[in-house]
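Hi,

Here is the structure I promised to pass on. Have a look at it first, and then read on for what turned up.

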Amino acid sequence: MKIYLIIVLSLFLFSCQSAYYAAWEKVGVEKRDILIDRVEDAKDSQQDAQKQFSSALEQLTALIKFDGGELQEAYELLKNEYESSEKSAENVSARINKVEKVAEALFDEWGDELEKYSSATLRRDSKKRLVNTQQRYKTLLASMRKAEAKMPPVLLALRDNVLYLKHNLNANVIGSLQGEFSGIKSDVNQLIQEMNKAIKESTTFIVAMQQE
């Protein structure tokens, strides 16, 4: 029964996506245009996530170095930063998934249409362009997924600290989190580095697609 439902759901989603692309094609927007837009959106979401995770790290730093004031307020700010970081991570993953879906549709269509050429020369040229685009896309997707994979460890560490402080909110306990902090700082820095690489790959991919 579960397998049947999965098959039905998959067919439904496929038909919805096909209708979506067909609607855009009727107004002159091809799958390659949608792919470029979605890569741009994914890049923007990664840039936003970079800022958000950096902000969360700054708030954790401020809490670790707490030297007076309203401790509850500092905790609430950290909690909000964690929740915002979680939403940013979800947005990044959703945008990457959208890139992947339209890329698969584009490459399937492109491959199928190779058989429709009557000119062998044009067919060879189109196939070469398809292969080159797929290779660039593969590099891009790998870079995006690698950066994406750096987010969960940071989120887990932030969540652990938020949960711990929720029930142990006092100056003495905060001092004991120094060891945890150094690991989180290192993870955030690695995340930002990987996102910078993915953002750079996105720009390269977009430029190449626009020049073809």
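A quick definition before the fold: helices here are DSSP runs of H or I with at least four residues, strands are runs of E with at least two, and both are numbered from the N terminus. With that in hand, the chain reads α-α-α-α-α-α-α from the N terminus on, which comes to seven helices and zero strands. Do keep in mind that this is a predicted model.

Now the inside. Of the 212 residues in the chain, 36% are buried. The largest nonpolar core has 55 residues, and L35, V39, F53 and L165 are the ones that touch the most other members. Helices giving two or more residues to this core are α2, α3, α4 (120–149), α5 (151–167), α6 (171–175) and α7 (178–211). The largest share comes from α3, with 15 residues. As background, nonpolar side chains tend to be buried together in soluble globular proteins.

On the surface, there is a negative patch made up of E30, D33, D37, D41, D44, D48, E104, D108, D112, E113 and E115. Two elements give two or more residues to the patch: α2 (31–64) and α3 (71–113). Which of the elements gives the most to the negative patch? That would be α2, with five residues.

One patch member to click on is D41, which sits in helix α2. Its relative accessible area is 33%. Partly exposed covers the range between 20% and 50%, so D41 counts as partly exposed.

Cheers

Note on methods. Residues are numbered from 1 along each chain as its sequence is written. This is a predicted model: local features need pLDDT of at least 70, side-chain atom pairs count only at pLDDT 80 or more; totals for chains, interfaces and linings use all residues. Side-chain values use heavy atoms; hydrogens and water are left out. Patches are made of residues with over 30% relative accessible area and no salt bridge: like charges are joined within 9 Å, nonpolar side chains (Val, Leu, Ile, Met, Phe, Trp, Tyr) within 5 Å. Accessible areas come from the Shrake-Rupley method with a 1.4 Å probe; for residues, only the protein chains shown count as cover. A salt bridge is a side-chain nitrogen of Lys or Arg within 4 Å of a carboxyl oxygen of Asp or Glu. Lys and Arg count as positive and Asp and Glu as negative; His and the chain ends are not counted. The place of a charge is taken as NZ of Lys, CZ of Arg, CG of Asp or CD of Glu. Buried means under 20% relative accessible area, exposed over 50%, partly exposed in between (1.4 Å probe, protein chains only). A nonpolar core is a set of buried Ala, Val, Leu, Ile, Met, Phe, Trp, Tyr and Cys residues joined through side-chain atoms within 4.5 Å.
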